[in-house]
Amino acid sequence: MAEEKPLTVVTCTAPVNIAVIKYWGKRDEELILPINSSLSVTLHQDQLKTTTTAAISRDFKEDRLWLNGEEADVGHPRLQSCLREMRRLARKRRGGSAGAAAPLSLAYKVHVASVNNFPTAAGLASSAAGYACLVHTLARLYGVEGELSEVARQGSGSACRSMLGGFAQWLMGERPDGKDSIAQQVAPEMHWPELRVLILVVSAEKKPVGSTAGMQTSVDTSPLLKHRAEAVVPERMAQMIQFIRQRDFEGFGQLTMKDSNQFHATCLDTFPPIFYLNDVSRRIIALAHRFNAHHGKTKVAYTFDAGPNAVVFTLADTVDEFVEVVKGSFPPESNGDQFLKGLPAGPASLSDELLSTVVLEPVPGAIRYILLTKPGPGPQPLDDPNLHLLGADGLPRSSA
Amino acid sequence: MHTRVGGQVPAGDRRAGQDSAGCAGARCGAGAPLGLCRPRLCAAMAEEKPLTVVTCTAPVNIAVIKYWGKRDEELILPINSSLSVTLHQDQLKTTTTAAISRDFKEDRLWLNGEEADVGHPRLQSCLREMRRLARKRRGGSAGAAAPLSLAYKVHVASVNNFPTAAGLASSAAGYACLVHTLARLYGVEGELSEVARQGSGSACRSMLGGFAQWLMGERPDGKDSIAQQVAPEMHWPELRVLILVVSAEKKPVGSTAGMQTSVDTSPLLKHRAEAVVPERMAQMIQFIRQRDFEGFGQLTMKDSNQFHATCLDTFPPIFYLNDVSRRIIALAHRFNAHHGKTKVAYTFDAGPNAVVFTLADTVDEFVEVVKGSFPPESNGDQFLKGLPAGPASLSDELLSTVVLEPVPGAIRYILLTKPGPGPQPLDDPNLHLLGADGLPRSSA
């Protein structure tokens with residue numbers, strides 16, 4: 001009946017994901033097909049999420065988009081890809097079943113508003129959550145079900161992994177048309193209940209090289225990247241899936257750190273070279289290795305994306321101690337802000353040995369705050385009408 | 001003190017009835033009888049003199065196709081070939097004096113004035129190899145007396161004319177100098193890079209001037225893992241080398257341990273050695289022979305970056321580049337972009353110092369750009385050392401697009417140099433580092 005109502009509104013939320021086997025480099029720019037498979041952990045939406053409301057109405061004159069309250073360019077090619085693909089899928093999946101009236105709503109313009117519950121300045125990749133949310137929301141709006149990661153992929157590659165909770169892999173696929181380049185769940189949200197994720201948000205710096213341009217340059221210029229994609233990643237994908245399914249943190253952690261480093265190595269092998277790690281990143285890496293060496297096993301594992309923030313995986317029983325170690329190494333500026341956000345952690349006292357061998361040369365203020373989270377679910381509907389980001393007029397509601 | 005050119009005493013040079021101990025003559029100081037006074041004779045006379053002293057100097061080299069990783073730890077055989085530029089000894093050199101005497105009780109070594117451990121395995125490798133070579137090359141030609149000097153102990157003193165704290169790799173120059181000096185002492189000629197290699201891999205490249213390659217070789221015994229000259233010192237007269245000495249930091253991971261860990265843990269390093277370097281070696285040789293700075297520069301930067309990429313792909317990862325290194329890299333790329341061509345090319349070894357290659361006509365401008373980006377602390381010290389450079393004024397456009405966000409004091413000084421010769425003899429007896437007693441002379 002949507003065609004006859006003045007306005008149909010749908011709201012969903014979608015998660016951020018962090019790759020532990022990295023995606024870097026496309027074999028097809030238009031369809032966003034990668035040169036290797038990748039695997040990620042979906043983070044919990046209590047701490048990080050994108051909320052998207054999509055409204056459709058025959059009264060809308062044109063497609064419009066608002067991001068975090070600001071109107072954005074709806075003509076963006078990636079956004080258009082998503083809209084076009086969703087409408088195409090909707091058309092296909094409806095077939096002739098809804099009669100002559102059905103195709104009308106696909107001609108109607110759509111208004112989309114999206115907000116993140118985390119600051120853009122934090123440098124946490126929001127395009128994955130954003131596109132996953134958009135696709136999921138439009139799917140509900142148009143009544144499309146089934147495999148959707150392919151559509152999300154065309155908005156932003158890693159968005160396909162945000163279509164699933166828990167642990168997801170993005171199969172690179174072989175077909176030129178990309179229909180087999182989709183996301184699949186490796187393990188569900190509750191598979192590894194003790195796993196924790198600490199995001200160390202480092203102090204704002206110069207904007208790093210954007211991913212899209214960066215990975216293109218890497219594909220064009222790095223001999224090591226080619227070898228990584230062809231010879232290293234396939235084996236690592238298999239190993240990582242095993243480690244996750246067996247809840248083997250030693251294996252999971254080591255491989256996560258190695259793959260993060262290898263990704264950044266291929267950035268350095270790019271010409272001109274791309275640097276996402278800075279001195280603070282290196283100190284965090286060194287700290288993690290000292291911490292693990294102190295304990296004689298892999299207890300924390302870092303990974304870095306195309307930006308300065310560190311993501312550190314650990315198990316619940318290590319969180320308190322490691323947070324204390326981070327505080328000691330990167331003493332927070334005493335500006336009243338909370339240093340630890342997200343899930344709560346308790347205090348921990350550090351042994352003298354730990355302090356003397358692990359916590360070295362404090363760098364005050366280098367880390368702005370820590371966000372503690374854990375694996376979480378895929379996109380979710382939001383049925384409370386009070387939470388729609390668009391009002392009955394199809395325009396953004398002013399903030400309460 | 002009579003210094004020897006090196007070489008054996010031909011059997012035919014000995015007069016009948018003369019034994020090698022018989023020289024007490026006056027003219028050559030070595031005690032050779034009149035008529036037999038020629039430098040080569042000294043080799044046979046050395047055993048009888050109280051002390052024979054030889055001094056040489058040897059250069060530093062900077063690799064443009066990097067060596068990182070061994071396939072044999074003991075013989076120091078690399079997993080890939082490498083290629084370097086030998087720097088001029090006017091700016092950087094190691095001076096080594098070796099003395100041999102039957103009165104010495106043991107081998108001894110002094111580095112930069114301090115006595116050092118002569119038992120160091122690498123040093124022992126060099127000494128042992130030199131003595132073996134000396135024994136072999138003398139054969140039986142010098143009679144029964146010859147092997148004696150090989151049993152004599154040797155004193156070695158070595159100094160660099162550049163500070164160790166500058167982080168400029170001195171082991172290459174040091175071992176090349178030692179080998180060259182011992183060769184002169186023992187009268188050994190011919191292929192010596194193999195011996196230097198066993199002291200420190202890259203030392204073999206310091207045995208040659210200009211542009212040198214270290215062929216990785218295939219033989220398990222390493223006899224084909226030697227250095228060869230790609231082009232001589234004067235081949236590229238306009239080429240200049242700027243060493244940007246950055247401020248002292250925590251001591252980075254040592255090369256020997258670092259490259260071992262890389263070989264053990266980095267999948268990308270294996271691929272580099274097998275699939276990337278061979279082609280790059282051929283390309284680099286071409287670029288150098290054709291004096292193609294665009295090609296030379298780009299490949300130099302790429303190979304430096306790839307080396308550091310394999311360090312990052314090591315587990316645990318090794319970081320030799322720091323924030324200052326990255327700023328220098330970014331500066332170089334902006335400078336080249338501004339000019340629309342490759343005018344400067346950076347390379348970094350296992351430490352923070354940057355080496356920047358350029359041509360003579362770019363030096364002044366680039367030095368000015370570096371000063372603008374890394375303003376020197378005004379502490380009275382000279383910022384530019386080595387070869388002189390002139391002032392340059394930078395265009396507004398250059399200033400606004402290339403010189404960004406100055407970081408005062410990040411670079412301690414710049415050393416300007418150029419390609420130079422291989423090891424050289426030092427015949428002035430006043431410059432020997434060891435005195436007649438075989439001990440280090442106190443500094444003048």
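Here are four short exercises with worked solutions on a predicted model.

Residues are numbered from 1 along each chain as its sequence is written, while chains are lettered from A and ligands numbered from 1 in the order in which they are written. Local features need pLDDT of at least 70, side-chain atom pairs count only at pLDDT 80 or more, and totals for chains, interfaces and linings use all residues; side-chain values use heavy atoms, with hydrogens and water left out.

**Exercise 1: a helix pair**

Work out how helix α7 of chain A and helix α8 of chain B are oriented, and which residues meet.

Step 1. Find the helices, which are DSSP runs (H or I, at least four residues) numbered from the N terminus. Here α7(A) covers residues 249–268 and α8(B) covers residues 293–312.

Step 2. Compare their axes, lines fitted to C-alpha atoms over the stretch in contact, with angles from 0 to 180 degrees between N-to-C directions. The two axes come within 8 Å and cross at roughly 175°.

Step 3. Angles over 145 degrees count as roughly antiparallel, and α7(A) and α8(B) are therefore roughly antiparallel to each other.

Step 4. List the contacts (heavy atoms within 4.5 Å). Asn261(A), His264(A), Ala265(A) and Leu268(A) face Asn305(B), His308(B), Ala309(B) and Leu312(B). By class, that makes 4 nonpolar, 4 polar and no charged residues, where Ala and Leu count as nonpolar and Asp, Glu, Lys and Arg as charged, with Asn and His among the polar ones.

**Exercise 2: the interface between the chains**

Describe the interface of chain B and chain A by residues, area and salt bridges.

Step 1. Chain B gives 30 residues to the contact and chain A gives 30 residues.

Step 2. Buried area is the accessible area (1.4 Å probe) that two parts lose on being put together, summed over both. It is about 2,400 Å² here, and carbon and sulfur atoms give 71% of that. Leu268(B), Phe315(B) and Arg326(B) supply 26% of the area that chain B buries against chain A, more than any other three residues.

Step 3. Apply the salt-bridge rule (a side-chain nitrogen of Lys or Arg within 4 Å of a carboxyl oxygen of Asp or Glu). The rule finds 0 salt bridges across this interface, against a count of 24 over all chains.

**Exercise 3: two domains in chain B**

Describe how domain 1 and domain 2 of chain B meet.

Step 1. An automatic or database domain assignment sets the bounds: domain 1 is 2–231 + 424–431, and domain 2 is 235–417.

Step 2. Domain 1 contributes 31 residues to the contact and domain 2 contributes 47 residues. The area buried between them is about 3,000 Å².

Step 3. The rule finds 1 salt bridge across the domain interface. In chain B, the side chains of Asp349(B) and Lys66(B) form a salt bridge at 2.6 Å, N to O.

**Exercise 4: backbone geometry**

Find where Pro272(A), Pro316(B) and Arg247(A) lie, and what marks their backbone.

Step 1. The Phe271(A) to Pro272(A) peptide bond is cis, with omega near 0°, and Pro272(A) sits in the loop between α7 and α8 of chain A.

Step 2. The bond from Phe315(B) to Pro316(B) is also cis; Pro316(B) belongs to the loop between α8 and α9 of chain B.

Step 3. Arg247(A) has phi near 55°, a positive value in a residue other than glycine, and is placed in the loop between α6 and α7 of chain A.

Methods
Helix = DSSP H or I, 4+ residues; strand = E, 2+ residues; numbered from the N terminus. Parallel < 35°, antiparallel > 145°, perpendicular 65-115°, else oblique.
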